[in-house]
Amino acid sequence: MLNLKSLDLKKVKIETLVIPVCEDKDIHGDRIISSLIKEVEKLKEFKGEKDDEIIFYNLPEIKAERVMFLGLGKLEKLDLETLRSFAGKTIKKCIKKNLSEVLIAVPSAKKIKIEASSALEALLEGACLGNHIFDKYKKEKKQKALKEIDFLVTPATAKKFSKLPSGIATVCEGTILAREWVSTPSNDKRPEQFTKSIVTLAEKENLKVSVLDEKELKQKKFGAMLAVAAGSQSKPSLIVLEHNPEGAKKTIALIGKGVTFDSGGINLKPAASLDEMKMDMSGAAAVAATLITIAKLKSKVKVIGIIPVVENMPSGNAARPGDIVKSYDGKTVEIGNTDAEGRLILIDAISYCIEKYKPRILIDMATLTGACVVALGEKIAGTFSFDDKLNESIILSGKKTHERCWNLPLPEDYKELLKSDFADIKNISSSRWGGAITAALFLSEFVKDTMWAHIDIAGPAYLKKGNAYCPAGGTGFGVRLLCDVIEKLGR
Ligand code: BES
Ligand code: ZN
Ligand code: ZN
């Protein structure tokens with residue numbers, strides 16, 4: 001349903017043609033389109049300013065039922081994210097008008113001074129992601145996704161980038177899968193259900209799948225993880241997904257926090273936004289969806305995904321503040337706060353991953369701290385690593401995909417804040433400040449000498465209000481980022 005097309009506008013009948021227009025420069029290479037823009041700009045109501053819109057029906061020059069001119073603003077402000085957002089907004093407009101297909105005129109790469117492949121990627125991505133509607137829980141489905149989204153390009157471009165649409169569609173499907181898992185309410189993704197959903201979809205893509213159930217987690221002494229799961233009626237699990245292409249040398253391991261609901265446990269969270277804690281498995285969703293995506297793309301990189309899944313609930317069986325548990329690694333942990341549960345499940349997953357798979361690189365992704373949202377806001381993830389190159393790599397992929405990451409430090413002397421009087425380490429800091437950093441430092445105590453990065457996505461994993469190419473709810477943040485990072489690091 002996502003295509004690059006080159007066709008004769010005078011001959012081929014189409015439902016809707018969309019023409020993006022800059023206010024200060026003609027950005028199109030097609031003569032018919034440029035002449036249409038000239039006509040339109042004679043009108044007072046359309047200047048090509050950002051979000052300007054005007055629609056014409058049955059123009060005599062071409063065979064489109066309607067032509068929608070949409071403003072992009074000034075050329076100097078045009079970048080990949082403007083294109084992505086433009087495409088997303090365009091699709092939303094078409095959905096609102098109950099249309100079923102659209103042809104979007106792609107600006108000339110030379111005229112917008114952006115590389116053709118990047119511009120196309122951004123447009124395709126924005127359109128594909130913007131076509132996602134989450135209405136599974138509505139009785140009345142008011143909106144319908146478009147059936148076909150086409151991009152008008154020159155014959156040479158269509159030929160050169162013929163493989164691009166399917167690749168982009170696959171990565172966007174991964175993002176949408178992660179979004180839907182995150183947006184699903186916690187009553188429909190209790191650990192058993194979430195685990196089953198991941199396993200079913202992963203097996204379909206021929207990933208190697210194994211699951212440690214509660215009994216095995218007990219046998220293998222996942223003490224920290226089991227302490228988090230103890231308060232819930234649901235049983236925890238640890239899912240391992242393996243993409244193992246022939247000839248791959250190094251292994252990249254991804255670990256995703258899978259707390260299907262974070263009530264805080266005995267340190268119960270306050271009522272405000274508690275409903276949003278269904279999103280506390282966003283790291284798990286991103287990791288599972290990334291593995292499914294790279295399997296579909298037949299990536300040459302060996303990747304292991306490890307996903308600890310639990311529900312954090314208060315009950316008579318729940319772990320108490322002050323409890324001391326033994327982690328998989330053998331280190332004892334004092335649970336200073338039952339709401340700092342993410343790091344407890346992650347350390348056991350990290351230790352298990354390193355012991356069993358000895359990865360060259362390990363990246364964990366987690367909605368780990370509110371403090372990270374305080375530091376960087378709701379759109380940017382915090383990244384941590386002792387390895388500058390790995391940090392840089394993640395930041396660059398963040399720029400490319402617009403899943404933005406900002407590097408935060410891992411200062412050695414802050415480790416002191418995690419000291420416990422009774423156990424080897426405590427799961428909360430003795431200071432109120434720098435909570436994203438101390439959480440990352442807590443994890444770092446379990447990574448040994450493995451090259452590791454931690455990505456705190458507590459901010460960007462979830463949207464209270466929809467934006468240009470994402471509806472309210474899960475954003476699927478991390479899938480596009482990780483797919484890009486893997487391809488780079490796997491080389
Ligand atoms: N899941 C939360 C972090 C979170 C907060 C995610 C806001 C998304 C939005 C995490 O388990 C948590 O509760 N962290 C505590 C840690 C504290 C008790 C040290 C926090 O951030 O307050
Ligand atoms: Zn918590
Ligand atoms: Zn949490």
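The largest cavity encloses about 110 Å³ of space, a cavity being a set of points on a 1 Å grid over the protein atoms alone where a 1.4 Å probe fits but cannot get out. This is a predicted model, in which local features need pLDDT of at least 70, side-chain atom pairs count only at pLDDT 80 or more, and totals for chains, interfaces and linings use all residues. Residues are numbered from 1 along each chain as its sequence is written, and ligands are numbered from 1 in the order in which they are written.

Let's look at the walls. Helix H2 (80–96) and strand E4 (64–73) each supply at least two residues of this lining, and H2 gives the most, with 6 residues. Among the lining residues (those with an atom within 4 Å of a point) are Leu70, Leu72, Phe86 and Lys89.

Now turn to the metal. Lys257 (NZ), Asp262 (OD), Asp280 (OD) and Glu341 (OE) coordinate the zinc ion (ligand 3) at 1.9 to 2.4 Å; donors are N, O and S atoms within 2.8 Å of the metal, or 3.2 Å for Na, K and Ca. Its 6 donor atoms make angles of 78 to 174 degrees, and the site is octahedral, a label given to six donors if opposite ones are over 155 degrees apart and all others between 65 and 115. A second zinc ion (ligand 2) sits 3.2 Å from the zinc ion (ligand 3), and Asp262 coordinates both.

Two of these donors are also hidden from solvent: Lys257 counts as buried because its relative accessibility is 2%, where buried means under 20% relative accessible area (1.4 Å probe, protein chains only). Asp280, at 1%, counts as buried too.

Key: Side-chain values use heavy atoms; hydrogens and water are left out. Four donors count as tetrahedral if all angles lie between 85 and 135 degrees; four count as square planar and six as octahedral if opposite donors are over 155 degrees apart and all others between 65 and 115; anything else is irregular. Buried means under 20% relative accessible area, exposed over 50%, partly exposed in between (1.4 Å probe, protein chains only). On a 1 Å grid over the protein atoms alone, a cavity is a set of points where a 1.4 Å probe fits but cannot get out, and a pocket is an open set with protein on both sides within 12 Å along at least five of seven lines; lining residues have an atom within 4 Å of a point. Grid points are joined across faces, edges and corners, and a volume is the space filled by probe spheres set on the points. Helices (H or I, at least four residues) and strands (E, at least two) are DSSP runs, numbered from the N terminus.
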